[in-house]
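Let's take a friendly walk through this fold together. Keep the viewer open and follow along as we go.

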Amino acid sequence: TPLSAGSFIVIRDSHGVDWEIRVTQVLVTDSLQPSYDNSIRKAAGRFAIVFMEVTNRGLSPETFIAFGRLDIRDASGQVFENDPVADIAARDIYGVDGCVDINPDESTNCVAVYDISTQSNFYVLVPGALANPNTPNVLLNVP
């Protein structure tokens, strides 16, 4: 059973760093067009833009990258990995930090983008391949 939307989870990545994460908002769009590029990045399904508050619970400054640490799973069990290129576009569009050199016990706002299906209306945030698989899943409010 997933935790309710907005719940905090702590994931331990493959480097042994604990990240406390709380999803604050999810937006959906069919395409992204950053200011630095005239081309439009189109989703195969639709982009779920996941805004998060991320806290470094490690012992030294670290950079948070969603790829490999957080995935999305839909009602049919299909898993969607983070799209790092779309992350860069979303950071530009929404003015979100790159989540670089986050000090211990410091929180910052991060964004991660996933190209998800259009068929489901149930999505959960799950640990990725580089995270502890025993991390609880969190229900996402995907509009």
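Buried here means under 20% relative accessible area, exposed means over 50%, and partly exposed covers what lies in between. Keep in mind that you are looking at a predicted model. With that cut-off in hand, start at the two cysteines: both Cys-99 and Cys-110 are buried.

These two residues form a disulfide, with their sulfur atoms 1.8 Å apart. The structure holds one disulfide, so a quick reminder may help: a disulfide is a covalent bond between the sulfur atoms of two cysteines. The torsion about the S-S bond of Cys-99 and Cys-110 is about -130 degrees, which means that the disulfide is left-handed. The pair links distant parts of the chain, since Cys-99 sits in the loop between helix 1 and strand 6 while Cys-110 belongs to strand 6, 11 residues apart.

Strand 6 is a good place to look around next. Seven of its 10 residues are buried, so strand 6 is largely enclosed by the rest of the structure. Which strands share a sheet with strand 6, and in what order? The open sheet has four strands in the order 1-2-3-6, with antiparallel pairing. Strand 1 (8–12) and strand 6 (107–116) are the edge strands, each pairing on one side only. On average, neighbouring strands of this sheet are turned by 40 degrees against each other, direction ignored.

Now zoom in on the pairing of strand 6 with strand 3. Strand 3 (residues 41–56) runs antiparallel to strand 6, and 10 bridges join the two. You can check the register yourself: Arg-46 stands opposite Ile-116 of strand 6, and the bridge partner of Phe-47 in that strand is Asp-115. Helix 1 (residues 84–94) lies across strand 2 (18–32), strand 3 and strand 6, and runs at about 125 degrees to strand 6.

Next come the nonpolar cores. The largest one has 28 residues, and the members that touch the most others are Ile-21, Met-52, Phe-64, Leu-70, Ile-72 and Tyr-114. Two or more residues of this core come from each of strand 1, strand 2, strand 3, strand 4 (70–74), strand 6, strand 7 (123–127) and strand 8 (138–140). Another core, of 11 residues, lies apart from it, and Phe-47, Phe-51, Ala-86 and Val-96 are among its members. To see the surroundings of one residue of the largest core, select Met-52: leaving aside neighbours within four places in sequence, its contacts include Ile-21, Val-23, Phe-64, Leu-70, Cys-110 and Val-111.

Let's finish with the aromatic rings. A pair of aromatic rings is described by the distance of the centres and the angle of the planes. The count comes to two aromatic pairs. The rings of Trp-19 and Phe-64 have their centres 5.2 Å apart and their planes at 70 degrees, so this pair is edge-to-face. Trp-19 lies in strand 2 and Phe-64 in the loop between strand 3 and strand 4, 45 residues apart, and the pair links distant parts of the chain. Both Trp-19 and Phe-64 are buried.

Phe-51 and Tyr-94 also form an edge-to-face pair, with 5.3 Å from centre to centre and 90 degrees between the planes. Phe-51 is in strand 3 and Tyr-94 in helix 1, 43 residues apart. Is each of these rings' residues buried or partly exposed? Phe-51 is buried, with a relative accessible area of 12%, whereas Tyr-94 is partly exposed at 35%.

Terms used: Residues are numbered from 1 along each chain as its sequence is written. This is a predicted model: local features need pLDDT of at least 70, side-chain atom pairs count only at pLDDT 80 or more; totals for chains, interfaces and linings use all residues. Side-chain values use heavy atoms; hydrogens and water are left out. Two strands pair if DSSP finds at least two bridges between them. Axes are lines fitted to C-alpha atoms, for helices over the stretch in contact, and angles run from 0 to 180 degrees between N-to-C directions. Contact means heavy atoms within 4.5 Å. A nonpolar core is a set of buried Ala, Val, Leu, Ile, Met, Phe, Trp, Tyr and Cys residues joined through side-chain atoms within 4.5 Å. Buried means under 20% relative accessible area, exposed over 50%, partly exposed in between (1.4 Å probe, protein chains only). A disulfide is a pair of cysteine sulfur atoms within 2.5 Å. Rings of Phe, Tyr and Trp (its six-membered ring) pair if their centres lie within 6.5 Å; planes under 30 degrees apart count as stacked, over 60 as edge-to-face and the rest as tilted.
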